[in-house]
Amino acid sequence: MSKNYNLTLVAPSGYPLEANTVERGLERLRVYGCQIDNEEAAQRHCQRFAGTDDERAADFNRLVDPACARPDIVLAVRGGYGATRILPRLDYAGLRRCFKGRPTAFVGHSDFTAIQMALLAQAGLVTFGGPTLCSHFGAETIDEFTLHHFWQALESPQIHLNSNVRQAQSVAVSGTLWGGNLAIIASLIGTPYLPQIENGILFIEDVNEHPFRLERMIYQLHFAGVLARQRALVLGDFSGIRLAPHDNGYDLLAMVEQMRAVIGIPIVTGLPFGHCDKLVTLPVGANAQLVADEQGFTLTVDGYPHLMRN
């Protein structure tokens, strides 16, 4: 699997919690044939962050320097927290000039959602929700499903995902695919960093959030008018849920049914995306078609810049 791509690391959020995940991730990427730049991003520490705000913003702004070779892949080291702090520091005009419509893949998820939303809103850049250096490439064993879908998304002009997860609602819609971590998206409401997507297909995921917190954030999207502008809401993985004795049957399924009755657009469940081992890679800001029925769903995505196979 020799890819021969130039890959640069960015660390807009937390620093790696285990050094061996960085070492494993870098070694795997080298085996794939990637030439890796900015490895120091995975070594910085400042409080709970992967460097100062200026250092973390510089990971992106350096890419617009003519002296910096344009990478094929820009890969997030990990999630955590911190990306929101650097949003005002990014050179959106420069990033748009250098990368708009060009086959460079900005990849990550979790807290990286803040960067993805801002790049779409401020620079019109399509990015990829997908694996990170530490959580996936640096895992003891990398999941073959995740690896296959990562390279397929980056190298193919179209993604076609089939799922046999039975659906409670029939859906046949098309629109702009966008989304990521629910908490991050909700936190950007009312800011210039949340893209104003009309007729979109919004996908969301989260980790370690009780169903009532998920419900509250979805209500926030609903009350702010974000969901009214979408054609469907697609739920990914919501791992780490811990119910309380007094929930009395109020679980994730009950929350979903409550939101079905409220938001006025169909909800599709079972997208393999989030804080999970089996992770599909999705272009954020590309064209998509979603068809769902009681047999499952299909998601087709195209219209995004992709890398040329080597």
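# A friendly tour of the sheet and its helices

Reader: How many of the ten residues of β9 are buried?

Author: This is a predicted model, so everything here describes a prediction. A residue is called buried when its relative accessible area is under 20%. By that cut-off β9 is mostly covered, and the number of its buried residues is seven.

Reader: Which strand pairs with β9 over seven bridges?

Author: Strand β9 spans residues 230-239 and pairs in the parallel sense with its partner. Two residue pairs show where they meet: Ile 204 stands opposite Leu 235 in β9, and Val 207 stands opposite Ser 239 in β9. The strand that makes these seven bridges with β9 is β8.

Reader: Through which helix does the chain cross from β8 to β9?

Author: The two strands pair in the parallel sense. The chain links them in a β-α-β crossover that is right-handed. The helix on the way covers residues 211-223, and its name is α9.

Reader: Is β8 itself largely enclosed or not, and how many of its eight residues are buried?

Author: Strand β8 runs over residues 200-207. It is largely enclosed by the rest of the structure, because the count of buried residues among its eight is seven.

Reader: Which residue of β8 is the bridge partner of Asn 181?

Author: Besides β9, strand β8 pairs with β7 (residues 171-181), in the parallel sense and over six bridges. Along this pairing, Trp 178 stands opposite Leu 202 in β8. For Asn 181, the partner in β8 is Glu 205.

Reader: Which residue in β10 is the bridge partner of Leu 233?

Author: Strand β9 also pairs with β10 (residues 267-268), in the parallel sense over two bridges. The chain gets from β9 to β10 through α10, again in a right-handed β-α-β crossover. The partner of Leu 233 in β10 is Ile 267.

Reader: Which strands stand at the edges of the sheet?

Author: Put the strands in order and you have an open sheet of seven, β6-β13-β12-β7-β8-β9-β10, with mixed pairing. The two at the edges each have a single partner strand, so one side of each is left without a neighbour in the sheet. Those strands are β6 (158-163) and β10.

Reader: What is the relative accessibility of Asn 208?

Author: Asn 208 is found in the loop between β8 and α9. It has a positive phi of about 60° although it is not a glycine. Asn 208 counts as exposed, because exposed means over 50% and its relative accessibility is 56%.

Reader: Where does Asn 248 lie?

Author: Like a second example to set beside the last one, Asn 248 has a positive phi of about 50° although it is not a glycine. Asn 248 is exposed, with a relative accessible area of 72%. Its place is the loop between β9 and α10 (252-263).

Reader: Is Asn 38 buried or exposed?

Author: Asn 38 lies in the loop between β2 (35-37) and α2 (53-61). Leaving aside its neighbours within four places in sequence, Asn 38 is in contact with Thr 8, Leu 9, Asp 59 and Arg 62. Its relative accessible area is 6%, which means that Asn 38 is buried.

Reader: Which helix gives the most to the largest nonpolar core?

Author: In soluble globular proteins, nonpolar side chains tend to be buried together. Here the largest nonpolar core has 107 residues, and those with the most contacts inside it are Leu 9, Leu 271, Leu 290 and Leu 299. The helix that gives the most to this core, with seven residues, is α5.

Reader: Which residues does Leu 271 contact in the stretch from Val 234 to Asp 237?

Author: Leu 271 is among the residues with the most contacts inside that core. Beyond its neighbours within four places in sequence, its contacts include Leu 161, Phe 203 and Leu 299. In the stretch you ask about, they are Val 234, Leu 235, Gly 236 and Asp 237.

Reader: How many of the eleven residues of α5 are buried?

Author: Helix α5 covers residues 113-123 and is largely enclosed by the rest of the structure. Its buried residues include Thr 113, Gln 116 and Leu 120. Just after α5 comes Gly 124, whose phi is positive, near 65°. Of the eleven residues in α5, the number buried is nine.

Reader: At what angle do α4 and α5 pack?

Author: Tyr 92, Leu 95 and Arg 96 in α4 meet Ala 118, Leu 119, Gln 122 and Ala 123 in α5. The axes of α4 (residues 92-99) and α5 are 9 Å apart, and the angle is about 80°. An angle from 65 to 115 degrees counts as roughly perpendicular, so α4 is roughly perpendicular to α5. The value you asked for is about 80°.

Conventions
Residues are numbered from 1 along each chain as its sequence is written. This is a predicted model: local features need pLDDT of at least 70, side-chain atom pairs count only at pLDDT 80 or more; totals for chains, interfaces and linings use all residues. Side-chain values use heavy atoms; hydrogens and water are left out. Buried means under 20% relative accessible area, exposed over 50%, partly exposed in between (1.4 Å probe, protein chains only). Helices (H or I, at least four residues) and strands (E, at least two) are DSSP runs, numbered from the N terminus. Contact means heavy atoms within 4.5 Å. A nonpolar core is a set of buried Ala, Val, Leu, Ile, Met, Phe, Trp, Tyr and Cys residues joined through side-chain atoms within 4.5 Å. Two strands pair if DSSP finds at least two bridges between them. A crossover is right-handed if, with the strands pointing away from the viewer, the path from the first strand over the helix to the second runs clockwise. Axes are lines fitted to C-alpha atoms, for helices over the stretch in contact, and angles run from 0 to 180 degrees between N-to-C directions. Angles under 35 degrees count as roughly parallel, over 145 as roughly antiparallel, 65 to 115 as roughly perpendicular and the rest as oblique.
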